[in-house]
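Work through the exercises below with the structure open. Try each task before reading its solution.

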Amino acid sequence: SVIAEFPMVDYDMTPQFMYGSIFHWHRLVNGYSGFTPPDYHETRERMRTFPDDEAIERLTELGVRYVVVHQAYYAPDEYADMMERILHRAELRPMGHYRDWVADTQIFQLERSAESTPQSAPENRH
């Protein structure tokens, strides 16, 4: 599965998220190596307005299955606002929460809409 961890902000949380990934070994949208893909900066820019349509569209393009939101890195009002907006997104289904190294972390499954799910070709019957 592909995971996107939030917040994706100007200060870089990537090292903490990559460290945490050693406990699940899923691919991260906001991981890194010695190479930065050309569209990585565009992805981070589009995530600034998460969970709006543009951010959800980009996550879908990237094949994201899970969205993980770390409460500890948000101001209380900012976190409450984000949770309210997430709960109004039919594509983001709450999957539970866990206590990470600092505070609660929420997990959401990004569900594909019927339009974005590839349809199998009809059977050719002769």
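**Exercise 1: Two helices and their crossing**

Task: Classify how α2 and α3 are oriented to each other.

Solution. The model is predicted. Two packed helices are described by the angle between their axes and the distance between the axes. Take α2 and α3: their axes cross at roughly 140° and come within 8 Å. An angle over 145 degrees would count as roughly antiparallel, and 65 to 115 as roughly perpendicular. The two helices are therefore oblique to each other. Next, the handedness: the crossing of α2 past α3 is left-handed.

Task: List the residues on each side of this contact and sort them by character.

Solution. From α2 come Thr43, Arg46 and Met47. From α3 come Glu54, Ala55, Glu57, Arg58, Leu59 and Glu61. Sorted, the contact residues are five charged, three nonpolar and one polar.

**Exercise 2: Buried faces**

Task: Find the buried residues of α3 and decide how they are arranged around the helix.

Solution. Helix α3 spans residues 53-61, and its buried residues are Ala55, Ile56, Arg58 and Leu59. Looking down the axis of α3, they fall within an arc of 160°, so they line one face of the helix. The general rule helps here. An α-helix has 3.6 residues a turn, so residues three or four places apart point the same way. Now look for the cover: it includes α2 (40-47) and the strands β1 (2-6), β3 (64-70), β4 (92-99) and β5 (104-110). Finally, check what follows α3: glycine 63, with a positive phi near 75°.

Task: Repeat the analysis for α2.

Solution. The buried residues of α2 are Tyr40, Thr43, Arg44, Arg46 and Met47. Their arc around the axis is only 165°, which puts them on the same side of α2.

**Exercise 3: One phenylalanine**

Task: Is phenylalanine 17 buried or exposed? Which residues does it contact beyond its sequence neighbours?

Solution. Phenylalanine 17 sits in helix α1, residues 14-21. Its relative accessibility is 1%, so phenylalanine 17 counts as buried. Set aside neighbours within four places in sequence. Phenylalanine 17 then contacts Glu5, Phe6, Pro7, Leu28, Asn30, His70 and Tyr73.

**Exercise 4: The whole chain**

Task: Summarise the fold in terms of its elements, burial and contacts.

Solution. Count the elements: four helices and five strands. Their order along the sequence is β-α-β-α-α-β-α-β-β. For burial, 36% of the 126 residues count as buried. For contacts, take those between residues at least 6 apart in sequence: 58% join residues at least 24 apart.

Technical notes:
Residues numbered from 1 in each chain as written. Predicted model: local features only at pLDDT ≥ 70, side-chain atom pairs only at ≥ 80, totals over all residues. Heavy atoms only, no water. Buried < 20%, exposed > 50% of the residue type's maximum accessible area, 1.4 Å probe, protein only. Arc of directions from axis to C-beta. Contact = heavy atoms within 4.5 Å. Axes fitted to C-alpha atoms, helices over the stretch in contact; angles between N-to-C directions. Parallel < 35°, antiparallel > 145°, perpendicular 65-115°, else oblique. Left-handed = near helix turned anticlockwise from the far one by under 90°. Nonpolar A, V, L, I, M, F, W, Y, C, P; charged D, E, K, R; others polar.
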